Amino acid sequence: TEHIKKIIEIIYNNRSYVLKRDNPRFYPDIDDRGTLKYFDSGKNELVTFSVINISRRGALLQLIHPPVKEELQPGYRIIDAELNIHNMELKIICSILHRKEQFLGIIFEDIRSGKNELYKFLDTLANNIFGTVRLKGKW
């Protein structure tokens, strides 16, 4: 309801609104949802997250294993992570921006492999939601 109030206020007062995100986040179909994994060599364990939503800049993750990992706080960098989504395997470096219980927001610092495939997948999701934009004119 808070968002609806803001939208009504913007329309009624003919105001402009600055978006918080440059890139929309998408919630992939359950079949396309993926995982992010990395190996914590200090604790000799594989850390696994489920991807809740994703954009070109980052993702919202849910910690799956281990159930508790207190050091995953804002500012923590994950190097050599593997993101598996929609039959793609990407190597990434990311940082945690925020955390609330088992949910973590991350930003991609570097997508070392599969960047173009990820962007194509996100463009496909955008086209499915917003429709394909077609340019008219002579070329």
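Among contacts in the protein chain between residues at least 6 apart in sequence, what percentage join residues at least 24 apart? In this predicted model, the share is 51%. The secondary structure behind these contacts comprises two helices and six strands. Read from the N terminus, the order of elements is α-β-β-β-β-β-β-α. Of the 139 residues in the protein chain, 35% are buried. The chain exposes about 9900 Å², and 52% of this area is supplied by carbon and sulfur atoms.

Strand β1 covers residues 35-40, and its side chains alternate between two faces. L36, Y38 and D40 point to one face and are buried. T35, K37 and F39 point to the other face and are not buried. Strand β1 pairs with two strands, β2 and β4. The pairing with β2 (residues 45-54) is antiparallel and is made through six bridges. Within this pairing, F39 of β1 has L46 of β2 as its bridge partner. The hairpin formed by β1 and β2 has four residues between the strands, and N44 adopts a positive phi near 55° there. The pairing of β1 with β4 (residues 77-85) is also antiparallel and involves three bridges. In that pairing, T35 is placed opposite N84 of β4.

Nine salt bridges are counted in the model. One of them joins K43 to E71, with 3.5 Å between the closest N and O atoms. This pair links distant parts of the chain, since K43 lies in the loop between β1 and β2 while E71 lies in the loop between β3 (58-65) and β4, 28 residues apart. K43 has a relative accessible area of 52% and is therefore classed as exposed, the cut-off being over 50%. E71 has a relative accessible area of 26%, which places this residue in the partly exposed class. K43 and E71 also belong to a network of salt bridges that includes D40, E45 and K69. Of the network members, D40 is the residue of β1 noted above as buried.

A second salt bridge is formed by D80 and R112, the closest N and O atoms being 2.9 Å apart. This pair too links distant parts of the chain: D80 belongs to strand β4 and R112 to strand β6 (residues 103-113), with their positions 32 residues apart in sequence terms. D80 is exposed, at a relative accessible area of 53%. R112 reaches 46% and so counts as partly exposed, because exposed residues must be over 50%.

A further salt bridge is found between the side chains of K91 and E82, with an N to O distance of 2.9 Å. K91 is partly exposed, with a relative accessible area of 35%. E82 is likewise partly exposed at 22%; residues are classed as buried under 20%.

Taken with the strand pairings, these salt bridges place several contacts around β1 and β4. Strand β4 is joined to β1 by three bridges and contains D80, the partner of R112 in β6. The loop between β1 and β2 contains K43, which is tied to E71 in the loop between β3 and β4.

Conventions
Residues numbered from 1 in each chain as written. Predicted model: local features only at pLDDT ≥ 70, side-chain atom pairs only at ≥ 80, totals over all residues. Heavy atoms only, no water. Buried < 20%, exposed > 50% of the residue type's maximum accessible area, 1.4 Å probe, protein only. Pairing = 2+ DSSP bridges. Salt bridge = Lys/Arg side-chain N within 4 Å of Asp/Glu carboxyl O. Contact = heavy atoms within 4.5 Å. Areas by Shrake-Rupley, 256 points an atom, 1.4 Å probe, with all protein chains shown as cover.
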